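Visitor: I'd like to poke at the labels people put on a model like this one. Can you show it to me and take my questions?

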Amino acid sequence: MTNATRIITADERLAERGGPKTLIVGPSGVGKTSLLRTLSAEMLASTLFLDIEAGDIAVSDVPVASVRPRTWNECRDLACVLGGPNPALPPTAAYSEAHHCEVMKNPELAKLAPFRTLFVDSLTAAARLSFTAAELAPEATSDRGRKDLRAIYGVHARSMLGWLNQIQHMRERTVVLVAVLEKNVDDFNIATWQPQIEGGKTGRELPAIVDEIITMTWIDFGDRKPVRAFVCTNPNPWGYPSKDRSGKLEQLEPPNLGALLEKLTRPSPRKPFTVVSSEQSAQT
């Protein structure tokens with residue numbers, strides 16, 4: 001009997017130690033990377049800083065282990081080590097058992113397995129690496145030898161979603177992805193906020209992949225003295241991206257990543273989940 005077909009009892013499932021997958025978006029300069037400073041010494045000791053953006057000057061004195069991937073293949077190898085093999089994939093595919101066996105032969109990569117928390121800075125930079133790799137893929141070139149932009153975006157989307165799916169299935173690990181938040185205004189002058197990620201498909205599917213979406217930004221409470229805050233629930237008055245699958249967060253939380261992760265992972269009750277029927281709505 002495989003792990004996929006074995007019944008996990010209610011007691012076993014409740015005893016499992018899972019880690020939330022959290023996306024934190026915010027404007028450049030708001031201090032997303034500096035959130036590492038809010039982690040306790042104990043948490044930092046088990047955290048791996050995935051420094052893709054090469055923007056670690058804000059935490060240059062923080063005692064945290066880091067890796068600095070420069071290529072998309074390196075990003076995929078790291079995800080394969082930390083997420084383990086996917087038995088559903090053929091041997092030639094990334095994240096397959098064959099891929100996992102190969103990367104585990106690298107002693108430096110094998111050392112990464114014990115880390116319990118992964119801080120990815122940033123998803124925006126990772127998407128750039130993925131897009132660059134997609135441009136060089138054989139299927140991105142037409143029969144006439146020209147670049148096929150539609151094919152490039154297709155390869156990029158599949159590659160990014162495969163990488164994020166690998167991260168999603170790191171059940172026991174806590175993963176924090178950070179990304180730049182940008183404001184888009186459409187032809188009807190309607191403004192929306194969304195993560196800055198190359199290609200639209202990844203951004204559209206991302207909310208279904210992560211457990212938490214949190215906007216870190218400046219909030220003015222009417223005294224003209226804006227303060228940093230986490231916007232954690234949706235809908236919210238500012239229209240910022242947010243989502244709380246845990247049911248434990250308030251609409252606004254202090255911009256303290258350590259406290260937020262502790263709140264998400266410690267045993268505690270959810271807020272009441274109220275479902276109002278259409279008949280009840282019509283009566284109010």
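Guide: What follows is a short round of questions on a predicted model.

Visitor: Let's start with charges. Why is the contact between D61 and R37 called a salt bridge?

Guide: The N to O distance between their side chains is 2.5 Å, and the cut-off is 4 Å, so the pair qualifies. D61 sits in the loop between β2 and β3, and R37 in the loop between β1 and α2, so the bridge ties together parts 24 residues apart in sequence.

Visitor: And how do you know whether D61 and R37 are buried or exposed?

Guide: D61 has a relative accessible area of 54%, and exposed means over 50%, so D61 is exposed. R37 comes out at 44%, which falls between the 20% and 50% limits, so R37 is called partly exposed.

Visitor: What makes K263 and E253 a salt bridge?

Guide: Their closest N and O atoms are 2.7 Å apart, and that is within the 4 Å limit, so the label applies. K263 belongs to helix α9 and E253 to strand β10, so this pair links parts 10 residues apart in sequence. E253 has 10% relative accessibility; buried means under 20%, so E253 is buried.

Visitor: How many salt bridges are there in the whole structure?

Guide: The search finds 11. Another one joins E12 and R6, at 3.5 Å from N to O. D51, D56 and R68 are linked in a network of salt bridges.

Visitor: Now sulfur. How do you know that C101 is in no disulfide?

Guide: A search of the whole structure finds zero disulfides. For C101, the nearest cysteine sulfur is that of C80, 8.8 Å away. A disulfide needs two sulfurs within 2.5 Å, so C101 and C80 don't make one.

Visitor: What makes α7 a regular helix as far as its length goes?

Guide: Helix α7 covers residues 149–168, 20 residues in total. From first C-alpha to last, α7 reaches 28 Å, close to the 28 Å expected at 1.5 Å a residue. Its buried residues include A151, I152, V155, W163 and L164.

Visitor: Why is D148 called a cap of α7?

Guide: D148 has a side-chain oxygen 3.2 Å from the backbone nitrogen of R150. A polar contact must be within 3.5 Å, so this one counts, and D148 caps the N-terminal end of α7.

Visitor: What makes Y95 and N189 stand out in the backbone?

Guide: Y95 has a positive phi of about 75° although it isn't a glycine. N189 also has a positive phi, near 65°, and is likewise not a glycine. Y95 is in the loop between α3 and α4, N189 in the loop between β5 and β6. Y95, at 6% relative accessibility, is under the 20% limit and so counts as buried, whereas N189, at 65%, is over 50% and so counts as exposed.

Visitor: Which peptide bonds are cis, and where do they sit?

Guide: One joins D121 and S122, with omega about 10°; S122 is in the loop between β4 and α6. The bond from N234 to P235 is also cis, with omega near 5°, and P235 lies in the loop between β8 and β9.

Visitor: Last one: what lines the largest pocket?

Guide: That pocket has a volume of about 2100 Å³. Its lining has 48 residues, with R17, G18, G19, R171 and E172 nearest the centre. α9 gives the most to the lining, five residues.

Notes. Residues numbered from 1 in each chain as written. Predicted model: local features only at pLDDT ≥ 70, side-chain atom pairs only at ≥ 80, totals over all residues. Heavy atoms only, no water. Helix = DSSP H or I, 4+ residues; strand = E, 2+ residues; numbered from the N terminus. Expected span 1.5 Å × (residues − 1). Buried < 20%, exposed > 50% of the residue type's maximum accessible area, 1.4 Å probe, protein only. Polar contact = N/O pair within 3.5 Å; in protein donor to acceptor, adjacent residues only side chain to side chain. 1 Å grid on protein atoms, 1.4 Å probe; cavity = no way out; pocket = protein on both sides within 12 Å on 5 of 7 lines; lining within 4 Å. Points joined across faces, edges and corners; volume = space filled by probe spheres on them.
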